[in-house]
Amino acid sequence: MSRPVLIASSAAGIPAVTATVTSTADTFGWVQELMSQVPDAVQPLVIALAGAVPFIEGEASAALGVIGGVHPVVAALAGMAGNLLCVVVVVLLGSRIREAVVRRRAGRRAQAAGASGAVAVAVPAGSWSEGQAESTAAPAPAGEAASASGRAGAAASTPAPVAAGSVEPTEAVPESKGKARLRRWLVKFGVPGASLLAPLALPTMITAATFVASGVPKGWVILWQAVAIVVWTTAITLVATGVLAVVG
């Protein structure tokens, strides 16, 4: 609220000089006005939708709800629900994508292994092709075998020419500082510790996707992301409630 404060006055009839002191609560006036335009029954849904947005998530959406006049418990639960729902979707989709990539790589390895092995050709017994196959399969003289072996070795050691206009391989894109920090925490503290510390570096959605891509089981990721969401949202909600009580 804005309060007029008398600074100075003059007995000679000079108009009094006043100044307006603005309360800190006016800083959050736009949030309170925005929430007041939303029906009470819809306010938790708005907070939950905000909690599903990266970089806002459960803690920020709950804090905005508290500032907007929503009960702290309702705001915290709504923010947690929206954030956790989004994380579950990210984990399930990321897990399916990783499984598809792993299957594709395994199939390519199997095809490469099959192509490098010998291929058996069935020839009907007593046919002309059988005799031709036997004569073809006869061992070559030692000199010819050595010559063929030398040619094969030379071909294997000679690099294939680069086609004109082809694109040379580019360097790997450097990892962001947040992801590098998260991977260090994952190695040092495991999934539980990295999940609790991750909001200091990355949003929970990106953290969950990184864990799944690293091979962490999806159930383990969901469990510890839920714990982290509850801890951080509760802490920020308490802070927002305290700040709002102080500034009035």
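Helix axes are taken here as lines fitted to C-alpha atoms over the stretch in contact, and the angle between two of them runs from 0 to 180 degrees between N-to-C directions. On this basis the packing of α4 against α9 can be described for the structure, which is a predicted model.

The angle between α4 and α9 is about 155 degrees, and the two axes lie 9 Å apart. Because angles over 145 degrees count as roughly antiparallel, α4 is roughly antiparallel to α9. The crossing of α4 past α9 is right-handed. On the α4 side, the contact is formed by P72, A76, M80, N83, L84, V87, V88, V91, L92 and S95. The α9 side contributes K218, V221, I222, Q225, A226, I229, V230, T233, T234, T237 and T241. Sorted by class, the residues in the contact of α4 with α9 comprise 13 nonpolar, seven polar and one charged.

These two helices belong to a protein chain with nine helices and two strands. Along the sequence the elements of the protein chain are arranged as β-β-α-α-α-α-α-α-α-α-α, with both strands preceding the helices. The protein chain has 248 residues, of which 23% count as buried. Its exposed surface amounts to about 16,400 Å², with carbon and sulfur atoms supplying 67% of this area. When contacts between residues at least 6 apart in sequence are considered, 61% of them join residues at least 24 apart.

Helix α8, spanning residues 204-213, is mostly covered, with seven of its 10 residues buried. The buried positions of α8 are T204, M205, T207, A208, T210, F211 and V212. Cover for these residues comes from several other helices, including α2 (43-51), α3 (57-67), α4 (72-116), α7 (177-197) and α9 (218-247). Both members of the α4 and α9 pair are thus among the elements that cover the buried residues of α8. Just after α8, G215 adopts a positive phi of about 100 degrees.

Helix α2, one of the elements covering α8, contains Q43. The relative accessible area of Q43 is 10%, and residues under 20% count as buried, so Q43 is classed as buried. With neighbours within four places in sequence left aside, Q43 is in contact with M35, V38 and V70.

How values were computed:
Residues are numbered from 1 along each chain as its sequence is written. This is a predicted model: local features need pLDDT of at least 70, side-chain atom pairs count only at pLDDT 80 or more; totals for chains, interfaces and linings use all residues. Side-chain values use heavy atoms; hydrogens and water are left out. Helices (H or I, at least four residues) and strands (E, at least two) are DSSP runs, numbered from the N terminus. Buried means under 20% relative accessible area, exposed over 50%, partly exposed in between (1.4 Å probe, protein chains only). Contact means heavy atoms within 4.5 Å. Accessible areas come from the Shrake-Rupley method with a 1.4 Å probe; for residues, only the protein chains shown count as cover. Angles under 35 degrees count as roughly parallel, over 145 as roughly antiparallel, 65 to 115 as roughly perpendicular and the rest as oblique. A crossing is left-handed if the near helix is turned anticlockwise from the far one by less than a right angle, and right-handed if clockwise. Ala, Val, Leu, Ile, Met, Phe, Trp, Tyr, Cys and Pro count as nonpolar, Asp, Glu, Lys and Arg as charged, and the others, Gly among them, as polar.
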